[in-house]
Amino acid sequence: MTFTDDEFKESVTADTGIRPSWATESFTDPAVDVLQSIRRIRASPFVPFRDSLRGFVFDVATGRLTEALEPASA
């Protein structure tokens with residue numbers, strides 16, 4: 001949450017002269033990132049049981065776990 005993919009790549013390039021070809025997949029909202037991961041797992045043909053997937057965000061400052069939930073449909 002403290003840098004973007006482009007900032008990271010620029011920093012590595014400045015330090016090493018080599019630009020990484022891979023993405024760090026940085027994010028600004030941990031809950032949105034967790035939900036995206038859950039969607040990837042649900043879409044995977046390699047995960048046979050996907051009905052009860054849940055994801056949580058751990059707050060290092062407080063030690064609290066918060067469940068990442070899809071927004072309610074209108």
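In the predicted model, helix H2 comprises the 14 residues 30–43, for which a rise of 1.5 Å a residue gives an expected span of 20 Å. The C-alpha atoms at the two ends of H2 are 20 Å apart, in agreement with that expectation. At the N-terminal end, H2 is capped by Asp 29, with a side-chain oxygen of this residue placed 3.0 Å from the backbone nitrogen of Ala 31.

Within H2, the residues Val 34, Leu 35 and Ile 38 are buried. Because they cover an arc of only 100° around the axis, these residues fall on the same side of H2. In general, an α-helix has 3.6 residues a turn, so residues three or four places apart point the same way. Strand E1 (56–58) is included in what covers the buried residues of H2.

The largest nonpolar core consists of five residues, namely Val 34, Leu 35, Ile 38, Val 57 and Ala 68. Helix H2 supplies the largest share of this core, with three residues. When residues up to four places away in sequence are not counted, Leu 35 touches Ala 68, Leu 69 and Glu 70.

Arg 42 also belongs to helix H2. Its relative accessibility is 38%, and Arg 42 therefore counts as partly exposed. With neighbours within four places in sequence left aside, Arg 42 is in contact with Arg 50 and Leu 53.

Helix H1 (residues 5–16) has twelve residues and reaches 16 Å from its first C-alpha to its last, close to the 16 Å expected at 1.5 Å a residue. Gly 17 follows H1 and has a positive phi, near 80°. Between Gly 17 and Arg 42 there is a separation of 25 residues in sequence and of 39 Å in space, C-alpha to C-alpha.

A search of the whole structure yields one aromatic pair. This pair is formed by Phe 8 and Trp 22 and is tilted, with a distance of 5.7 Å centre to centre and an angle of 45° between the planes. Phe 8 is located in H1 and Trp 22 in the loop between H1 and H2, so the pair ties together parts that are 14 residues apart in sequence. Phe 8 has a relative accessibility of 24% and therefore counts as partly exposed. Trp 22, at 49% relative accessibility, likewise counts as partly exposed, because the exposed class requires a value over 50%.

Technical notes: Residues are numbered from 1 along each chain as its sequence is written. This is a predicted model: local features need pLDDT of at least 70, side-chain atom pairs count only at pLDDT 80 or more; totals for chains, interfaces and linings use all residues. Side-chain values use heavy atoms; hydrogens and water are left out. Helices (H or I, at least four residues) and strands (E, at least two) are DSSP runs, numbered from the N terminus. The expected span of a helix is 1.5 Å times one less than its number of residues. Buried means under 20% relative accessible area, exposed over 50%, partly exposed in between (1.4 Å probe, protein chains only). The arc is that of the directions from the helix axis to the C-beta atoms. Contact means heavy atoms within 4.5 Å. A polar contact is a pair of N or O atoms within 3.5 Å; within protein, one must be able to donate a hydrogen and the other to accept it, and residues adjacent in sequence count only if both atoms are side-chain atoms. Rings of Phe, Tyr and Trp (its six-membered ring) pair if their centres lie within 6.5 Å; planes under 30 degrees apart count as stacked, over 60 as edge-to-face and the rest as tilted. A nonpolar core is a set of buried Ala, Val, Leu, Ile, Met, Phe, Trp, Tyr and Cys residues joined through side-chain atoms within 4.5 Å.
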